[in-house]
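This report concerns the nonpolar cores and the salt bridges of one chain. The structure under discussion is a predicted model.

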Amino acid sequence: MASEEELFASVDALLEEEPQLPPPAERARLREAAGITQARLAQALKSTTQTVKNWENGRTEPKPPRLEAYQRLLKGWAAKYPPHGTTPAPAAAQEPARPGTTRPADPPTAPAPPETPTTPPAPATPAPERATARPATAPRRPARKHLEPNTTTAPYQHGPLAVLDGDGSAYATDGTVLDCPATTMADLVEWTLHASRLGTPKLHRHGKDSDPLIVLTAAAAVKLGLPEHLDGHEQRRSLRLPEDHPVVQQLTKAKWKLTQRGFGPWARIYRPAQAGQRQCVQLAVLSWDALDARSWPGVTDMEPADIARVLGLYAQRVITPRGSTAVSGLELMTALRPPTRAVQDPATGNWVPGHNPGSLGTEPLDPAPPEATPEHPVVAHSNWTGGFLDEEAYQWVRDPHLLSDEECLLPCAIGLDLNTAFLAAAARLTVGLSAPEHVTRPQFDKKIPGSWRVDLSHIDLDPRLPSPFTPTGERPQGPAWYQTHTVAYAQELGHNVHPTEAYLRHETGAYLDPWHDRLKTAYLDTLADLGITKDLSDTAFLAAMERHKDTDPALAAVLTAIKATIKGGVGKLRERPQGRHYQDGQRWPALQRPTWRPDIRAAVISKARVNMHRKMANMAKMTGLYPLAVLSDCVVYPSPGRSPLDFLPYSTSGKPIPGAFRLGPTPGLAKLEGVQSMLWAVDLMEQGLNPARHIKGGDAVMDEGE
């Protein structure tokens, strides 16, 4: 028999447990009974609508302090709105529905609605043919939303996209499952455009609405006549169906067109616009590797409803996917800075497309020869021998002979990773909007974006730090081309600069500002949904980052996709030619885009590298510590302990000192990348290997934004 002391200990343990919440379905019932929307509940709990949906679907659970507040609210509602067939406590009066709100249809266990004045119901209107809502079969996804017949007031009421399964179920992002009767690809396009009510409003008033996206599972692809995989040699090489494939011929017969990239993992099917109305559907075939596992980890293996949730959240916060994350990152730039706007022709009075100030326009611009790549026509056709801009991310390892005995005796090597370093560099970045102008013997001006030929080899810096002027970290060997930010940093370090020539752009603007602001908000909001907020202490931040990928795999996948969008979007600004038959001097498709701008890519990377060097130099001044290695946005330091808190500089009041590396979720701040022994790091350095590449315990993928 248990003793009194054992019983009391068991009771105390129960009291110390976290507050218990009712089952997810009951949470939703109570909220609906109170007439409160998910958005209003999210606002009251300082959270997001998606997070509230997750709580009511059982995908995630709230964390303190929201846990206690949510429990208190549910207890209050439970007293007012008991399950059907029970009577509320006398003190808890039923609250009438709030004016102006619509109470959802009651499930079988819901209480009878309170007595409030009602109006006669509107006559029922039949739903559009072949677009009826189908009840969900997955137990985790409630199917409460039904199609509304009026398509004029809510053209995109089912969100930006749907994931189509082999049984005709189209899973929308809001949890609705639509019945898609299409059995051919042509039928699917017609259904998507005329019945599905999928799409996204434009992101800029001068832009265009996003086309609806249909994501095909392997079963759906086979049902519609597509191969489950691109198995043939020719298909794999070109990553698209041949023109004589029955599905391609079927679309052609139905007067539908494909873009130049054909029918591949990401296909656009369209007809020319009529009366200003676009007719275009985007397709993504999952079994053809449309979602790269590096950018969308684990998403292809999820259930259709979860895939819709991941892609829907990305579409809501970033953009409806239009290809790889790199493609989406580039398209987001154009969507937020449309090249044209409506202007009135003074001669005719008609409204015609005109240049939108601050955009890159509609015509591609050739780069200056030093900004181009060796195979570019401006180089190949001019026999250019003047050298090229080499603004790339860091790949540097300190000479092991420069390690001190004190450093070698430290027990740990710690990698710090800067959050979205390229995004931080894009903030308030002035770039050129016009064609380059060649200038000889120019006076350097840090406010003018461009490429400058200048000799920085005479600048002598501490060899324990990488040179800020080269991606290898080695000292320059003579005159070379540098982007404006690199030359400006030489001036900041106290050195005179005398360029011999330059290619400058005098029409300038902060082209990337809207892109930066949207992606920064998306990144921070997704981190916040994972429990990582700016108000966490450094200790709590490190703990939250350690477990955030296990909190919600779907949200973690969205976060990875956002980061890939940033780096990939910057890389697409200088997309190189592809294909084994390419010959130097030929123009390749990417050159036809106004967004083929290697000078803008160079500006972002130059500023990011300078930012990294500035922090490392400040760290040396404040702490006497020097890095062991740098790889892009990851830097490795020797440390007396296994935490960044053991070597980062803090004031006597415990606050991080500005100017050096600081922990936090904001772009440009740092997080822990990995911890290894100092002996391990020194061994790699002596082999000529970069510890920053391996600090996680495996090979880190090097991504320079290419």
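## Nonpolar cores

In this predicted model, the largest nonpolar core comprises 91 residues. Leu512, Trp515, Ile562, Met616 and Phe661 are the residues with the most contacts inside this core. Helix H19 (residues 598-623) supplies the largest share of the core, with 10 residues.

A second core, separate from the largest, has 32 residues, among them Ile214, Ala220, Trp256 and Ala267.

## Surroundings of tryptophan 515

Not counting residues up to four places away in sequence, tryptophan 515 touches Gly329, Leu332, Met333 and Leu336. Its contacts also include Leu423, Ala426, Thr565, Ile566 and Val570.

## Salt bridges

The structure holds 30 salt bridges. One of these pairs is glutamate 331 with arginine 268, whose closest N and O atoms are 2.9 Å apart. This pair links distant parts of the chain: glutamate 331 lies in helix H11 (residues 325-336) and arginine 268 in strand E6 (residues 266-274), 63 residues apart. Glutamate 331 is partly exposed, because its relative accessible area is 22%.

Glutamate 575 and lysine 572 form a salt bridge with an N to O distance of 3.1 Å. Glutamate 575 counts as buried at 16% relative accessibility, and lysine 572 counts as buried at 17%.

## A further pair and a network

Lysine 696 pairs with glutamate 673, the closest N and O atoms being 3.9 Å apart. Lysine 696 is in the segment after helix H21 (691-694), and glutamate 673 is in strand E20 (residues 670-677), 23 residues apart. Lysine 696 is exposed at 54% relative accessibility, whereas glutamate 673 is buried at 15%.

Glu371, Arg505, Arg597 and Asp599 are joined into one network by salt bridges that share partners.

Note on methods
Residues numbered from 1 in each chain as written. Predicted model: local features only at pLDDT ≥ 70, side-chain atom pairs only at ≥ 80, totals over all residues. Heavy atoms only, no water. Core = buried A, V, L, I, M, F, W, Y, C linked by side-chain atoms within 4.5 Å. Buried < 20%, exposed > 50% of the residue type's maximum accessible area, 1.4 Å probe, protein only. Helix = DSSP H or I, 4+ residues; strand = E, 2+ residues; numbered from the N terminus. Contact = heavy atoms within 4.5 Å. Salt bridge = Lys/Arg side-chain N within 4 Å of Asp/Glu carboxyl O.
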